[in-house]
Amino acid sequence: MIDLLKNLIQIKSDTKTGANEALIYCADWLKERGQLVTLHEHNGFLMLTASKGGGSDTIIWNGHVDVVPGHEEQFVPIEKMDRLYGRGSADMKAGVAAMMQAFVELDASLLQRTVQLHLVTDEEIGGENTSKWLVEQGYSGDFVICGEPTGLKVGVQSKGVLHMDLVFKGKPAHGSRPWEGINAIECAMKFHEQLSELPFQKQSTDFYEHPSVNLAIMNAGKRYNVVPEVCHVSYDIRFLPGQDPDEIIHQMAELAKTLGLKMDYQADNSTPALKTSAEHSSILSLQKAIRQVTKTEPVLFGQHGAADTRYYAIPINGEGAIEFGPSGGDWHGNAEYVELSSVQAYKEILLLQALSKE
């Protein structure tokens with residue numbers, strides 16, 4: 001399994017071509033070990049599915065082989081003590097390798113449920129060509145584990161994503177006489193200063209102290225001697241489970257009116273917040289497996305970012321799609337690593353839950 005992980009790291013899968021190469025490597029590796037694999041293609045992106053077992057209950061193991069760009073040396077895996085360094089070691093080729101090994105070791109005759117393995121190639125750029133497509137084709141389950149690096153903690157919640165593009169409109173004037181105009185940049189700044197006071201920013205949950213609001217893009221002004229007439233601003237808002245993105249949009253629009261600002265906006269709230277109950281039967285069986293393997297009490301938490309869980313959660317009403325994976329650090333950074341002992345533990349946990357009688 002660790003050799004498999006090292007080989008995957010060496011495949012420079014930070015492009016569509018490279019990710020497809022890694023996917024084909026995974027398919028060949030599974031076939032060589034007697035597994036039945038189906039390859040799929042959508043918009044030039046490859047993915048694979050494989051299935052074992054039967055019954056009314058289906059668990060899906062989802063992993064992505066694509067990575068964010070890295071330096072050339074990061075595609076040479078380096079093992080030091082219990083750590084394996086390299087691009088994608090944690091995010092998330094370790095999870096992929098463990099899922100593949102666990103799938104090979106699964107004895108279908110002992111399964112009381114179906115286990116599906118889904119490997120995809122475009123999670124880092126949104127997942128719309130692979131995981132989303134698979135779900136649209138009917139590849140969904142009752143419980144879905146996306147093997148993102150979580151330190152063997154169970155990510156039962158994740159924030160939703162709301163993108164807001166705002167256009168503030170001022171009045172142009174000569175730069176030497178700014179009082180004769182209305183500076184659109186200053187309008188945007190005035191809005192931003194008051195944004196933190198909106199009611200949605202004051203809310204919290206058991207897992208989150210507050211939603212997050214990132215001023216991601218600002219574009220305005222072309223000349224020193226002209227008061228800018230228009231200012232384009234974009235926000236990346238990660239809202240909490242239970243919050244209504246339409247209400248957030250309404251609050252932001254009302255803020256502009258209250259401040260007397262001329263503002264147009266467009267909103268995209270296509271990524272829902274996810275919430276799986278701690279009492280979900282598969283969460284209970286997963287916690288039991290974690291206790292048995294690690295001899296520690298499982299930790300449930302809320303994830304700040306979004307993963308391919310968002311697509312799998314739609315058919316199951318937001319319940320049962322979680323992030324759970326090995327331990328590591330600095331993913332997307334220059335010193336990305338995974339803890340090898342956690343990869344072994346992760347594989348054992350997956351097997352125990354899949355074979356459980358619950």
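## Leu-274 and strand 13

Leu-274 lies in strand 13, which covers residues 274-275. The structure described here is a predicted model, and every value given for it is computed from that model. Because its relative accessible area is 2%, below the 20% under which a residue is called buried, Leu-274 is buried. Although Leu-274 and Arg-310 are 36 residues apart in sequence, the C-alpha atoms of the two residues are 7.2 Å apart in space. Arg-310 returns below, in the account of the largest pocket, where it is one of the residues that lie nearest the centre.

## Strand 3 and its partners

Strand 3 takes in residues 58-64 and is mostly covered, with seven of its seven residues buried. The cover extends to both faces of the strand: on one side the buried residues are Thr-58, Ile-60, Asn-62 and His-64, and on the other they are Ile-59, Trp-61 and Gly-63.

Strand 3 pairs with two strands described here. With strand 6, which spans residues 114-120, the pairing is in the parallel sense and runs over seven bridges, while strand 7, residues 143-146, also runs parallel to strand 3 and is joined to it by four bridges. Asn-62 takes part in both pairings, since it stands opposite His-118 in strand 6 and has Cys-146 as its bridge partner in strand 7.

## His-64 and its surroundings

His-64 is found in strand 3, and because its relative accessibility is 0%, this residue counts as buried. Two polar contacts are made by the side chain of His-64, one with the side chain of Asp-91 at 3.2 Å and another with the side chain of Glu-123, also at 3.2 Å.

When residues up to four places away in sequence are not counted, His-64 touches Asp-91, Met-92, Val-96, Val-120, Glu-123, Glu-124 and Glu-148. Among these, Glu-123 also appears in the lining of the largest pocket.

## The two largest pockets

The largest pocket has a volume of about 800 Å³. Its lining is made up of 31 residues, of which Glu-123, Gly-305, Ala-306, Ala-307 and Arg-310 lie nearest the centre. At least two lining residues come from each of helix 4 (131-136), strand 9 (160-169), strand 12, strand 14 (300-303) and helix 8 (309-313). Sorted by class, the lining of the largest pocket holds 12 nonpolar, eight polar and 11 charged residues.

The second largest pocket contains about 150 Å³ of space, and the residues that line it are Asn-219, Ala-220, Gly-221, Lys-222, Pro-228, Glu-229, Val-230 and His-232. Two or more of the residues in this lining are given by strand 10 (212-220), and the same holds for strand 11 (230-239). The lining of the second largest pocket divides into three nonpolar, three polar and two charged residues.

## Met-263 in strand 12

Strand 12, which spans residues 262-271, includes Met-263, and this strand is also one of the elements that supply at least two residues to the lining of the largest pocket. Met-263 counts as buried because its relative accessibility is 14%.

Leaving aside neighbours within four places in sequence, Met-263 is in contact with Leu-166, Val-167, Phe-168, Phe-191, Met-252, Ala-253 and Ala-256. Ala-173 is 90 residues apart from Met-263 in sequence, and the distance between the two residues in space, taken from C-alpha to C-alpha, is 19 Å.

Notes:
Residues are numbered from 1 along each chain as its sequence is written. This is a predicted model: local features need pLDDT of at least 70, side-chain atom pairs count only at pLDDT 80 or more; totals for chains, interfaces and linings use all residues. Side-chain values use heavy atoms; hydrogens and water are left out. Buried means under 20% relative accessible area, exposed over 50%, partly exposed in between (1.4 Å probe, protein chains only). Two strands pair if DSSP finds at least two bridges between them. Contact means heavy atoms within 4.5 Å. A polar contact is a pair of N or O atoms within 3.5 Å; within protein, one must be able to donate a hydrogen and the other to accept it, and residues adjacent in sequence count only if both atoms are side-chain atoms. On a 1 Å grid over the protein atoms alone, a cavity is a set of points where a 1.4 Å probe fits but cannot get out, and a pocket is an open set with protein on both sides within 12 Å along at least five of seven lines; lining residues have an atom within 4 Å of a point. Grid points are joined across faces, edges and corners, and a volume is the space filled by probe spheres set on the points. Ala, Val, Leu, Ile, Met, Phe, Trp, Tyr, Cys and Pro count as nonpolar, Asp, Glu, Lys and Arg as charged, and the others, Gly among them, as polar.
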